[in-house]
Amino acid sequence: MSDKTGGPGDDTSLLTKTRSKTQRPPLYKVMLLNDDYTPMEFVVHVLERFFGLNHAQAFEIMLTVHKKGLAVVGVFSFEVAETKVAQVMDFARRHQHPLQCTMEKE
Ligand code: TYC
């Protein structure tokens with residue numbers, strides 16, 4: 001019997017599958033910027049409080065920012081990164097320190 005039923009295999013376009021690579025959600029680097037006024041202890045406290053670092057890790061990253069001008073403090077999903085930046089900026093503002101925290105797509 002001829003295959004004119006409109007069933008599978010009748011239309012060649014149905015055989016063209018779009019191959020889509022598995023999509024990973026984009027990640028965002030959260031960075032701390034150096035300035036001349038924010039006390040070192042305050043920065044260490046911020047890193048412990050908002051990024052879950054222990055004192056030694058926090059001190060090391062603070063020193064990297066102090067010496068190099070900036071450092072990545074963590075990599076997160078967009079929403080988590082946005083929340084961390086907002087928390088740090090708000091905490092710094094409330095303590096009247098000019099500390100800056102930014103995020104950038106990885
Ligand atoms: N440079 C500051 C000082 O000498 C310390 C500092 C470190 C400030 C890291 C901001 O993100 C920063 N007091």
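This passage describes the salt bridges of the structure and one loop residue. The model is predicted, so local features require pLDDT of at least 70 and side-chain atom pairs count only at pLDDT 80 or more, while totals for chains, interfaces and linings use all residues. Residues are numbered from 1 along each chain as its sequence is written, and side-chain values use heavy atoms, with hydrogens and water left out.

Side chains of opposite charge can pair when their charged atoms come close. The structure contains 3 salt bridges. A salt bridge is defined here as a side-chain nitrogen of Lys or Arg within 4 Å of a carboxyl oxygen of Asp or Glu. Helices (H or I, at least four residues) and strands (E, at least two) are DSSP runs, numbered from the N terminus.

One of these pairs links two strands. Lys29 bridges to Glu104, with 3.2 Å between the closest N and O atoms. Lys29 belongs to strand E1 (residues 28-33) and Glu104 to strand E3, so the contact ties together parts that are 75 residues apart in sequence. Solvent exposure was assigned from relative accessible area: buried means under 20%, exposed over 50%, and partly exposed in between (1.4 Å probe, protein chains only). Lys29 counts as partly exposed because its relative accessibility is 22%. Glu104, at 38%, is also partly exposed.

Helix H3 holds further pairs. Asp90 and Arg93 meet through their side chains in a salt bridge, at 2.7 Å from N to O. Both lie in helix H3, 3 residues apart, which is about one turn of the helix. Asp90 also pairs with Arg94, and here the N to O distance is 2.8 Å. These two residues are 4 residues apart in helix H3, again about one turn. Salt bridges with shared partners thus join Asp90, Arg93 and Arg94 into one network. Within this network, Asp90 is partly exposed, with a relative accessible area of 29%. Arg93 is exposed, at 55%.

The loop after helix H3 has a backbone feature of its own. Gln96 lies between helix H3 (78-94) and strand E3 (100-105). The phi angle of Gln96 is near 60 degrees, a positive value in a residue other than glycine. Gln96 counts as exposed because its relative accessibility is 73%. Strand E3, which follows this loop, carries Glu104, the partner of Lys29 in strand E1.
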